Structure formats: structure tokens, C-alpha cells
Amino acid sequence: MTDSRRSRRRSTLRDVPLRTHWLLLGVLLVTLTAALLLQGYTQHMFDGRADGAPRAQGPAGQVPPQVLHGGPVVAADGSRTVRPRPRTIALTFDDGPDPTWTPRVLDVLRRHHVHATFFVVGTEAAAHPDLVRRITAEGHQLGVHTFTHPDLGGASPWRRSLELREAQLTVAGAAGVTTPLLRPPYSSTNEALDDDAWQAVRQAGREGYLTVLTTLDSEDWRRPGTARIIANSTPRGAAGQVLLMHDAGGDRSQTVAALDTLLPRLQHRGFRVTTVSDAAGLTDPVRTAGARDHWQGLALIRALQLSDWMLTAVSWLLWAAGALSVLRAVAVVAAARRHARLRDEPWGPPVTEPVSVIVPAYNESAGIEAAVRSLLASDHPVEVIVVDDGSTDGTADLVESLGLPGVRVIRQENAGKPAALNTGIAEASCELLVMVDGDTVFEPDAVRMLVQPFADPGVGAVSGNAKVANRGGLLGRWQHIEYVVGFNLDRRLFDLAECMPTVPGAVGGFRREALLGVGGVSDTTLAEDTDLTMALCRDGWRVVYEERAKAWTEAPASLGALWKQRYRWCYGTLQAMWKHRRALVQRGPAGRLGRRGLGYLMLFQVLLPLLAPVVDVFAVYGLVFLDPLHIAGLWLAFLALQLVMGRYAFHLDHERPGALWSLPLQQFVYRQLMYLVVIQSVFTAVAGTRLRWQRMERYGSLQVPAPGTPQDGPADAPALPALPALPGLPAPAAPEYAGYAGYAAPHLPAPHAPAPHAPAPHLPAPYVPQQHVPQGYPSQHHAVQHHPAPQDADPRYAPAQYAEPRYAPPQYAEPGHAPQQYAEPHPPALQYAPAQYAPGQPGGPQPGAPTALADAWYEEARSAREAEAGHFVAAPVDRARDRQPNPPQSWGGGH
């Protein structure tokens, strides 16, 4: 096989989507579930009541008289019973083995050369198999006391069989023997048998067991004192007895002390203390276990030990995860509070220099118009560069057809989002850059807010505040909560710790110098925004969060789309973390990113989500086997903590808290989806499997924002000024704009033709004359040095970035309410504009167009608006370039 064929084969194999990790995850969860079920059955269904505890006795009509009045050893078929020989005591111990008291009892028996019968509980024998082996090695006899110490009389037939079988296997695995001797829990004398207990004895007899009852109870389980135990254990006559004592189940120090005194007394009175079979004159029934029973018993013991170890480990992990979650909640809330106070302080002198906004676009026709128009509505000077990366849906054609001033379209062959961003960086004319996704709509002050931190020369990038626009459904509300509570609180913490790992692709500002210093946007990871941000941090730049720079973005509207988006985000973040792993050992800003930022991401976005399935399984385990009220209380406590965090985060973001009602439901679907995404991403990264771009479907639900009151935001948009009235003519109505409510479509005419009176070709554009520098800028010199203009420049044709969109730009004005040279030629507007300013109107003035009156009105209206706003409209910009067709390829956006 040639090398090329081998290479193609390897590539094909590595491109196949992973499926084995889901099988592995399923096996792990099944194993954990089985271990917890075994642990729950053995530990939390264990009946810990003492054998002699009071028990209501039922009717005994079915118990044969020969059993009721017979000996304590009941034959397998129940047809006969056996009594111990006279002056013989069968010494028996229940509930063991216990690591503390069983060895002490064995020591006392060895000192007095006495053998006894130990009825062991299966779970205790599995926990201490060495003690079971010691019991048999020292010549004592073994019996079973069931597996989990239930009342067999009240148990179902299947559970009785299970209890006896598992107990027998445990003895076979621990000591290599089997025994037919059975002491039912909570049994006592023959006279205490009722119908339920007799049915259990009969079933045990059919399965080959000899039931051993008692005739003498030391009542050591009451811990009445050594003297009382001795008195209770001393026979009143010479009849043979079966003495009940305990080597487990609590503090047995009194039992050990009483036994050490009792044995020599009994021997002095002529009693022989021995095992059950010896006292009853039976052949020793204990036999060597078969190989099958022995290995099955060993497997059961190992499974019980493994489940016990797993439960211990999971318990510690859950306690640690809970503690970390609480500490994280406290830390992010405290950081958010401090961050909010710091944001009340200005960054420095206002940043007023123009900004280049780069919009990479691949098949964004559904939302690109709204995105571009919102950028032009900014109250900060901007140029908009749309880089079409080989779209096949006419994205570039749509933007060009709008004819918007200050918007430039660049076409390139499909090369991916990083390449499109790098093209935009190269073509931008400003030092400050804003990168925007093609489905994102900016609020009017977002760009201005986003660039204010650049007053600090050490700031290289700024993260804005991305908002979920389509938050109407349950899935949208969950994502809205995650953006506000999860992402934004974390960004405040990262900002204070100077370890910001991600500037979202939807709304981010950058300093050109910083971008060039790290080589632009890299395409080596799927999370190019995270990779770029980490590179800037390692290069010594500070990355901050400006929550007042708000932009609205579309979130996935289906679980499938959400899975694809988050899968790419998580996988790309893992790639970026691995790429920048050396930051962990570096010093300075890079070290802060590594030890703080990467450590935080690894702990809270990788490791804890990997533990989340265990938390869910353990929660079900707790509801079934533990106290359900306790488990529900813990869940409600953590939910209350999340609600407190959410309420505070919504307050900081000026959001209405109504969406928080869905937070409890988020724990049952959304949370599982998120941690499954992390699991998928980790397995994909570990396996080295390739992940292709997975572009999110665009729905076109966003439209241009306009001044008004947002649906879920602050009502801080300024009112529009009224236009002046003309003498003899009705006052024109103020332009109408749609509010933020749902980002409804504003009343804007589209498309718009460029202004017909562009500056002469020899004049540099964009420019602004010194005498028309907008109010609020630091100095005229500051504006002029960035935009020098010849002295004869007409101020009416100043760049759009110095124009207040609400007052002058024609694309946001009704045709009948703006000077005609800035509006499309609509007939209703002709009566208000001089004919010489009406484009496309041959033949001079139109009938009914009072030129002098229109001139006077125009000059008065223009002067009033300029005096109030200090802003002007833009000259057109050439958009025709790079129109070669591009082949369709996959492409995705940042997050």
C-alpha cells in the first residue's frame, strides 16, 4: 500500500465521529449504578435493630406443636427438633464479625480453650473476611445470620432466598466453607415463633438449612452491666442450653468482660461449653465449599469492597465539589460587586477616535442587514467592513444593495472565519478595531462603551456584553440565564484577576497594535476568539470586560443546534488551553492567565462537569436509599444559592428577573446537555479526532435597534428633537422609530442611495473641518490629526462617524422629513426641498416646489440640528472590490 493511500486511510478513520466513548460512558454509569445499588441494599436496607428487641408476635396456629415445645435446633423439614445434651451449653455469637470486638471475644475463648458457633452477617463477613478465616482457623463453627440482617418473617420469599444465598456465598468466599446452620434475625425461643416466622423457617429448611433458636438470652444487647450479663447467661438447672451473645452491633466491652468471668464459672459447675453441632450431638455440618461457590463468593466480596470504596470516593468528591461550588458562588458575587463599583470610575479621557468594525460573514443573509444598520446607528464614529467569506446565499450582494454610507464589502474565497478577520484587520483604516459576528445587533452606544477602556494604554482587548435576543422559549430563557449568570459573572471575576480567557466573537474590541503583535487571528483552534484572547494575555496585554457595551445575538433555537454550538465552543476551548499550557509555568501576565484563568477553566468547566453525571446518579441513590428529605433539602439549598446568584447577576445587567422561574427546570435538561457536551469534547480531544466547523443556523430574528425602551433592558434612550416648522407650511412630524421591544423592525426606508453630492475626488475622505468638531471631543486638534480636511471642505459632507444617526443620516430618516439631497427621491418630499438638491429630477424645479421657501427651511433646519448635535452626514464610500465568485465551504463563527 502506498504512503498516500495509508495517509488517506488514516485521515478517513480519524474523521469518523466517535461513538465508543458513549459506550464507555454508559458502561461506567451502569457500573456506578450497580455499585450504588449494591451498596444501598447492603448498607441502607440493613436492619440494625438488636436481636432481642421487642417484636410484635402474630398468630401461631400454623406452627406444629412439636416445634413450639421442642428443642432449639429445628430440622430442615420441620418434622423434628433437637435439644442440647444435659450440662452442655452451645455458645453462640450473632451479628459479627466486628473488627473491634470479635478479635477480643476470640482471645477470651482461646484463653479458656472454648469453641463457639459464630452466626455471621454476610455484609460484615464481606467487609472483614480475615476475621471469618480466623474464626474457622481457631476451630470455631460458622453459621449464617442472613446477608443484611432483615426480619425473614416479614420478607418476601424471593428476598429470603437472596439473603440466604448471598450470605452463604460470602462465607464460601471468605473462609472456603459452606454451612447449613441458620440463626434468623430477631428469633429467640421456640415459643416465640409465629406463623410468619414459621414460614421463613420452612422455606429455609427446603433450601437445606438447620434453624438454630435459643433457650438462654444474655441480653447483652441491652448493655445492662457485666454482672447482669453473667446472671442472665447462667443456667438454672442441668438442662442443656443454647446461649445467645453478640460480638458486634455496638459496644461489646461488657460482653467481653462477662465472658471472661462466665466461662470459668460454668466450667467450675460442670458445664461443657461448645459449638451447636457438638452440643446437639450432630455431625459437624460445615463442609468445604466447591470451587464455583468459592469463586462466586470471592467475586461478591470484591464487588462489595469495590462498591464501598467507590461510595467513599464519590462521597468525598461530592463534598469537595459542593464546597468548591459554594466558594465559587461567593467569589464571583464578591468579584461582581467590586467590579460594578470600579466601573463607576472612568477609564480616563473619553476615547473619541474612530473605530473600524469588522464583520466576517459566511451565509449571513438572514441577519446581516440588521447587524450593519445597527452599527451605522452607533453614536461613535465607525467604518464598517463586511468581509464576505465565499457566501453562497448572496450576503455580499445584499449588503451592497443597501447602499449604506460608510460600509465597505470585501469578497474573498472561502477560507474560514480567522482568515476573514485577518482580511478585515488588513483593510481597516483605524487603530481601534471591533469584531462582530454577522448575526449580532449592537445597541447605539455599544461601540462607544466598548472602546472607552482603551484610554488605558495597557488594555489590548475588551470583552463586551453579549445578550440573547431570542429568549422567548424555554431553551432561550435557559441560555439567557447562562449568559447573564454564568458568562458575565465569570468575566467580571476574570477581569479583576487579570486572566480573561475569552473575548466573545459577537462583541469584542481590540487594539490593532496588540493584534499585530500576536500575528493576527490564528486558525489552529476552533475557538479562535479564545485562542486570540489567551495569546494577547500571554503577550502582556490586559483584557477587560465592559458590561455596558451591549450587543444582541441569536442563540440556538433547538437542542440539536445548541449541541453543535457548545460542542465546538468546548472543543475549541480545550484546544486553546492545550495550546497555551506553557502559561502555567510562566511569570507575569502569562502566568496569571495560566495559573488563574486556565486553572479556573479546568476546574469549573472541565473537571466538575465530568463529575456531574455522578452527582445525578448519586442524587437518585440518595432519594431511594437515604433520607429523601435530606437529599431534597440539599438540592433546594443549592438551587436557592443559584437563585441568589442569578438575581444579583440580573440586577447588575439591568435585566428583569422573570426568566429565573425556569432555573429549577434548567437542572433537568439543560444541565445534562451541557455536561454531555463536555464529556464528548474531552473524549474527542483525548482521542485526537478531528472536529469540523459546525456553523449555527441563522433565523433572522434580529432587526435593527432604534431608540426607545428595550423589552428587557434600561429605558435610557434619549428623545428625538423636533424639526422646526416652516412659515406657511405645516410643521413636519418627527421621524418615527421603533423601540427596542423585541427589536421590532424600525420604520426605515431601504435600500438607500448614497448622497449625490460626494466630495471632489481630490479631497481626502473621510474628513471633518476643524470648525465643525463635535462637542464633547477632547480638542479640535485631536479630531483633525486623524481626519485632516482641506479648508474648502463642505461641512455638510463630513464623515458619517461624526453624524448623529437620529438627526441627519438619510437611511434613518423618513423621506418627507429630511433635506432632499440626503433622502431618496420620493415625491412627497419635493415640496420641502429645493429642486437643485433633488437627485434624478431633470428639467429644473418641479411644479409646486417653492425654492426660496425650501432653501430657507433647509438652512434653518440644518442649522438647528447641527447646533444641537454637532454631527454631520457622510459622503459615499466606494464598495466595489474583489467580486470574484467563491466556492461554498463550511465556515463557523466565534463565541
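Reader: Which residues of β15 lie on one side and which on the other, and are they buried or exposed?
Author: In this predicted model, Val 407, Val 409 and Arg 411 point to one side of β15, while Arg 408, Ile 410 and Gln 412 belong to the other, and all of them are buried, so that both faces of the strand are covered.

Reader: And what does that say about β15 as a whole?
Author: The strand runs over residues 407-412, and because six of its six residues are buried, β15 is largely enclosed by the rest of the structure.

Reader: Which strand is joined to β15, and by how many bridges?
Author: That is β14, residues 382-389, which runs parallel to β15 and is joined to it by six bridges. One of the pairs can be named, since Val 387 has Ile 410 in β15 as its bridge partner, and Ile 410 is among the buried residues mentioned above.

Reader: What is the order of the strands in the open sheet?
Author: Eight strands form that open sheet, in the order β15-β14-β13-β16-β19-β18-β20-β17, and their pairing is mixed. The edges are held by β15 and by β17, residues 440-442, each of which pairs on one side only. On average, neighbouring strands of the sheet are turned by 30 degrees against each other, if direction is ignored.

Reader: How do β13 and β16 pair?
Author: Strand β13, residues 355-361, and strand β16, residues 432-435, pair in the parallel sense over four bridges. Within that pairing, Val 357 stands opposite Val 434 in β16.

Reader: Stepping back a bit, how many helices and strands are there in the protein chain?
Author: The protein chain has 26 helices and 20 strands. It consists of 895 residues, of which 55% count as buried. If one takes the contacts with a separation of 6 or more, 82% of them are accounted for by residues 24 or more positions apart.

Reader: On to helices, then: at what angle do α20 and α24 pack, and how far apart are their axes?
Author: Helix α20, residues 559-579, and helix α24, residues 670-687, pack at an angle of about 45 degrees, and their axes are 9 Å apart. That angle makes α20 oblique to α24. The crossing in which α20 passes α24 is right-handed.

Reader: Which residues meet there?
Author: From α20 the contact includes Leu 559, Leu 562, Trp 563, Arg 566 and Tyr 567, and the residues they and others of that helix meet in α24 include Tyr 670, Leu 673, Met 674, Val 677 and Gln 680. By class, the residues of this contact divide into 15 nonpolar, three polar and one charged.

Reader: What about α7 and α12, how do they cross?
Author: The axes of α7, residues 157-175, and α12, residues 291-342, come within 7 Å and cross at roughly 100 degrees. The two helices are therefore roughly perpendicular to each other. On the α7 side the contact includes Arg 165, Glu 166 and Leu 169, and on the α12 side Asp 293, His 294 and Leu 298 are among the residues met. This contact of α7 with α12 has six nonpolar, five polar and three charged residues.

Reader: Now the loops: where is His 149 found?
Author: His 149 is in the loop between β5, residues 141-144, and α7. Its phi is near 65 degrees, a positive value in a residue other than glycine. Most residues other than glycine have a negative phi, and most peptide bonds are trans. At 1% relative accessibility, His 149 counts as buried.

Reader: And Arg 87, what is its phi?
Author: Arg 87 has a positive phi of about 55 degrees although it is not a glycine. This residue is found in the loop between β2, residues 81-82, and β3. With 38% relative accessibility, Arg 87 counts as partly exposed.

Reader: Which residues does the cis peptide bond join?
Author: A cis peptide bond, with omega about 0 degrees, joins Gly 96 and Pro 97. Pro 97 lies in the loop between β3, residues 88-96, and α4, residues 101-111.

Reader: One last spot: is Ser 187 buried or exposed?
Author: Ser 187 is buried, with a relative accessible area of 13%, and its place is the loop between β7, residues 181-182, and α8, residues 195-206. Ala 197 is ten residues away from Ser 187 along the chain, and the C-alpha atoms of the two are separated by 8.2 Å.

Note on methods:
Residues numbered from 1 in each chain as written. Predicted model: local features only at pLDDT ≥ 70, side-chain atom pairs only at ≥ 80, totals over all residues. Heavy atoms only, no water. Axes fitted to C-alpha atoms, helices over the stretch in contact; angles between N-to-C directions. Parallel < 35°, antiparallel > 145°, perpendicular 65-115°, else oblique. Left-handed = near helix turned anticlockwise from the far one by under 90°. Contact = heavy atoms within 4.5 Å. Nonpolar A, V, L, I, M, F, W, Y, C, P; charged D, E, K, R; others polar. Buried < 20%, exposed > 50% of the residue type's maximum accessible area, 1.4 Å probe, protein only. Pairing = 2+ DSSP bridges.
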